[in-house]
Amino acid sequence: MPLCTDVRLLKSCNPKFPNRCIACSGPSPDSSIGVGDLSVGWFSFLTDIPEGWSSVNVPIHSVCKRPFRLRRWATRLGYLALAFVLWWFLGESIVAILPKGLERIGTKVILVLMLAPVIIIEMFRPPRFDITVGKYEVTFEFADPDYAAAFAVLNRAGLLK
């Protein structure tokens, strides 16, 4: 089952990557690519205000860049498109069933529940690499467990349990 392997580092740690391509795990990548994400937390979920932006440069083969970038953006745009379509067709019905004062948070919770099938599909067919940025840590998500293990060894000083 191809679930991803997570490695959590302190946000202040400058991550070191093995000399292998992040997309195909092949040796001697000839390029790098920036991978970033919004910093999120409970505050940002409740207020719609992200807590910042964080990014890292990762090693990649030049030929792997385009498919890697395409998968990353297509997934995000797919989530947004699906959320928009669901909201377009079901938004008024959702707001109508929620108690007054809880429309905003209730809408977000219901929208996440409606996106659950897509989230589950992505769990079983994860991207080769992704990051999730928290307030104090960054979670590096790897589809290749061997790459994740090599990454963890290189960054053991900043590892979180």
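The following exercises, each with a worked solution, concern a predicted model.

**Exercise 1.** Determine how the span of helix α2 compares with the expected span, and state where α2 is kinked.

*Solution.* Step 1: Helix α2 covers residues 62-97, a run of 36 residues. Step 2: The expected span is 1.5 Å times one less than the number of residues, which gives 52 Å for α2. Step 3: From its first C-alpha to its last, α2 reaches 51 Å, close to that expectation. Step 4: The helix nevertheless has a kink of about 65°, and this kink is centred on L90.

**Exercise 2.** Identify the buried residues of α2.

*Solution.* Step 1: A residue counts as buried when its relative accessible area is under 20%. Step 2: In α2, the residues that satisfy this are C64, F68, R72, T75, A83, L86, G91 and I94.

**Exercise 3.** Decide whether I120 is buried, partly exposed or exposed, and name the surface patch members.

*Solution.* Step 1: I120 belongs to helix α3, residues 103-124. Step 2: Buried means under 20% and exposed means over 50%. Step 3: I120 has a relative accessible area of 43%, and therefore it is partly exposed. Step 4: Together with L3, V112, I119, M123 and F124, I120 forms a nonpolar surface patch with about 490 Å² of accessible area.

**Exercise 4.** Describe how strand β4 is covered and how it is joined to β5.

*Solution.* Step 1: Strand β4, residues 129-133, is mostly covered, with four of its five residues buried. Step 2: β4 and strand β5 (residues 137-142) run antiparallel and are joined by five bridges. Step 3: One bridge pairs T132 with T139 in β5. Step 4: The hairpin between β4 and β5 passes through three residues.

Methods:
Residues numbered from 1 in each chain as written. Predicted model: local features only at pLDDT ≥ 70, side-chain atom pairs only at ≥ 80, totals over all residues. Heavy atoms only, no water. Helix = DSSP H or I, 4+ residues; strand = E, 2+ residues; numbered from the N terminus. Bend = angle between axes of the 7 residues up to and from the residue. Buried < 20%, exposed > 50% of the residue type's maximum accessible area, 1.4 Å probe, protein only. Patch = residues over 30% accessible without salt bridge, like charges linked within 9 Å, V, L, I, M, F, W, Y side chains within 5 Å. Areas by Shrake-Rupley, 256 points an atom, 1.4 Å probe, with all protein chains shown as cover. Salt bridge = Lys/Arg side-chain N within 4 Å of Asp/Glu carboxyl O. Pairing = 2+ DSSP bridges.
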